[in-house]
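The following exercises concern one protein chain. Please study the sequence and the structure before working through each solution.

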Amino acid sequence: MASILIVDDEKRVRDGIKLSLSGLAHELHEAETLEECHAMIGRLSPDLILLDVHFKGGATCIPFLERLQTEKVQIPLLVLSGAASAKEAAEAMKLGAYDFLEKPISADRLRVSVQNALNASKLKAKTEAATTEKNVRTDIIGDSPSIQKVKDLINQFGRRDAKVLITGDTGTGKELVAHGIWRASTRAAKPFILINAAAIPETLIESELFGHQKGAFTGAVSNQLGKLEMADGGTVFLDEIGELSLMAQSKLLRFLETGEIQVLGSNKIKICDVRLIAATSRDLPAEIRAGRFREDLYFRLNVARIEIAALRERREDILPIFAHFVSSVCLRYNEPIRLVEESAKSALLNYPWPGNVRELRNVAERSVLLSRDAIDRKLILEIVGQQSPAATEADVDLPKSVEEVLHLKDYRKKAESRYVAHVLKLADGSVTKAAQILGVDRSHLHQKLKDFGLV
Ligand SMILES: Nc1ncnc2c1ncn2[C@@H]1O[C@H](COP(=O)(O)OP(=O)(O)OP(=O)(O)O)[C@@H](O)[C@H]1O
Ligand SMILES: [Mg+2]
């Protein structure tokens, strides 16, 4: 028996499909919107999705398929297209849909396609062995007492409907934990919407949260629904909450106290039922002392708190997480699983991991790409850039021949990347601290670290 998710905004179509498939003894679920579909994917892990191309308001399924692709969701999909949506159907196939069915769909054709798609994916799953991408994306690996406590708190807070504040340095797994809370909660079937305050210019964040009406400010050319309203009934994950302006903080506080939101440019008040999960890698008490964060907002958020320790403070998690990523990358590329030599293990244990688990994952991926059969110490040291001081000097040395000359742009990037990595180490891996020393904005530095592949 397989579980099948039917996604169409017309009840009539969903009912028709359910009737056609009723004789096949599969578990049938339905969703009316793409957001609902996304939430149900997280909760149910369906074996097959039947997805309509066009949704109310002119939306198509294409951006949604792109999103699933970036999130590495690998569930077979059958696209249901009308005659007018042949172009989108073709695009959907490019984005990994298994097949498309033109409406009106005959019951026989539907049953055959569903069985074919399920058989094909079973075959694929067999060859891909036990570790699926889905596990890679959502499982929290590690058995250190501190990660054990994080897992316990996820279940404990997940079931209650409290606001949660997640703290931890960059790459420690804050987003992963937020996902875990949502999946453990009674809102798991409802939307989980992410807002990254560090990625949105300060001037637009309020509109992102609360929405705006056409003409509310220069550039507001049409009405826009805010993320809080979009998530009504569900969960909002507000990442990098420490980046919010004081004005946005006070509006958020009001929302947390009353459930009220006021769309920018409108004087109407709306009530939304949203569970907030916030995260930050900033030291909020220090931000309060500096006058950049509201103390009352902090107290409101700090009730249920999950603190994730830096990786160097829970070294016993390093090797299991490394092994996990090595084997999942090997499986993904269909290659034999690499052995990790003892000498490599000690190199991994001794490195300070300023970029935490994200950096560890990158190193694991790179070590699979750069090795044939075993991962040794030399390779690890090469990747984490811990050569001997002499080698490091040579690295920045001037080119000895014309062939070695880099384009100026590339040289600048290389020098900057080395410098930033070094400063990050001096700052004990704290991006906030490094940004302060370097005199740049935290979000700017964060973006740079991402560009350089340092986190
Ligand atoms: N304990 C863990 N087990 C497995 N994977 C993990 C673990 N912790 C983090 N990861 C992985 O490390 C990467 C970074 O995690 P995540 O994005 O949740 O970090 P973050 O704390 O939100 O970072 P940032 O502050 O930079 O946004 C992700 O790919 C995540 O899946
Ligand atoms: Mg994050």
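## Exercise 1: The surroundings of Leu34

Determine which residues Leu34 is in contact with, leaving aside its neighbours within four places in sequence.

Solution. Step 1: Leu34 is in contact with Leu51, Phe55, Thr60, Cys61 and Phe64, if neighbours within four places in sequence are left aside; contact means heavy atoms within 4.5 Å.

Step 2: Leu34 lies in helix 2, residues 34-44. Helices (H or I, at least four residues) and strands (E, at least two) are DSSP runs, numbered from the N terminus.

Step 3: Leu34 is buried, its relative accessible area being 16%. Buried means under 20% relative accessible area, exposed over 50%, and partly exposed in between, with a 1.4 Å probe and protein chains only.

Step 4: Leu34 and Leu51 are 17 residues apart along the chain, and 9.0 Å separates their C-alpha atoms.

A note on the basis of these values: this is a predicted model, in which local features need pLDDT of at least 70 and side-chain atom pairs count only at pLDDT 80 or more, while totals for chains, interfaces and linings use all residues. Residues are numbered from 1 along each chain as its sequence is written, chains are lettered from A and ligands numbered from 1 in the order in which they are written, and side-chain values use heavy atoms, with hydrogens and water left out.

## Exercise 2: Two helices with a buried side

Identify the buried residues of helix 3 and of helix 15, and state where they lie around each axis.

Solution. Step 1: In helix 3 (residues 62-70), the buried residues are Ile62, Phe64, Leu65 and Leu68. Seen down the axis, they fall within an arc of 160 degrees, so they line one face of helix 3. The arc is that of the directions from the helix axis to the C-beta atoms.

Step 2: The cover over these residues of helix 3 includes helix 2, strand 3 (48-52), strand 4 (77-81) and helix 4 (86-94). After helix 3 comes Lys72, with a positive phi near 60 degrees.

Step 3: In helix 15 (residues 342-350), Ala344, Ala347 and Leu348 are buried. Their arc around the axis is only 100 degrees, which puts them on the same side of helix 15.

Step 4: The exposed residues Glu342 and Asn350 are carried on the face of helix 15 turned away from its buried side. Among the elements against which the buried residues of helix 15 pack are helix 14 (318-332) and helix 16 (356-370).

## Exercise 3: Ser20 and Thr280

Find the element that holds Ser20 and the one that holds Thr280, and decide whether each residue is buried or exposed.

Solution. Step 1: Ser20 is part of helix 1, residues 11-21. Ser20 is buried, with a relative accessible area of 13%. Not counting residues up to four places away in sequence, Ser20 touches Ala107, Leu110 and Arg111.

Step 2: Thr280 belongs to strand 13, residues 275-280. Thr280 is buried, with a relative accessible area of 0%. Beyond residues up to four places away in sequence, Thr280 touches several residues, including Ile166, Lys174 and Glu240.

## Exercise 4: The chain as a whole

State how many helices and strands the chain has, and what share of its residues is buried.

Solution. Step 1: The chain has 21 helices and 16 strands.

Step 2: Of the 455 residues in the chain, 46% are buried.
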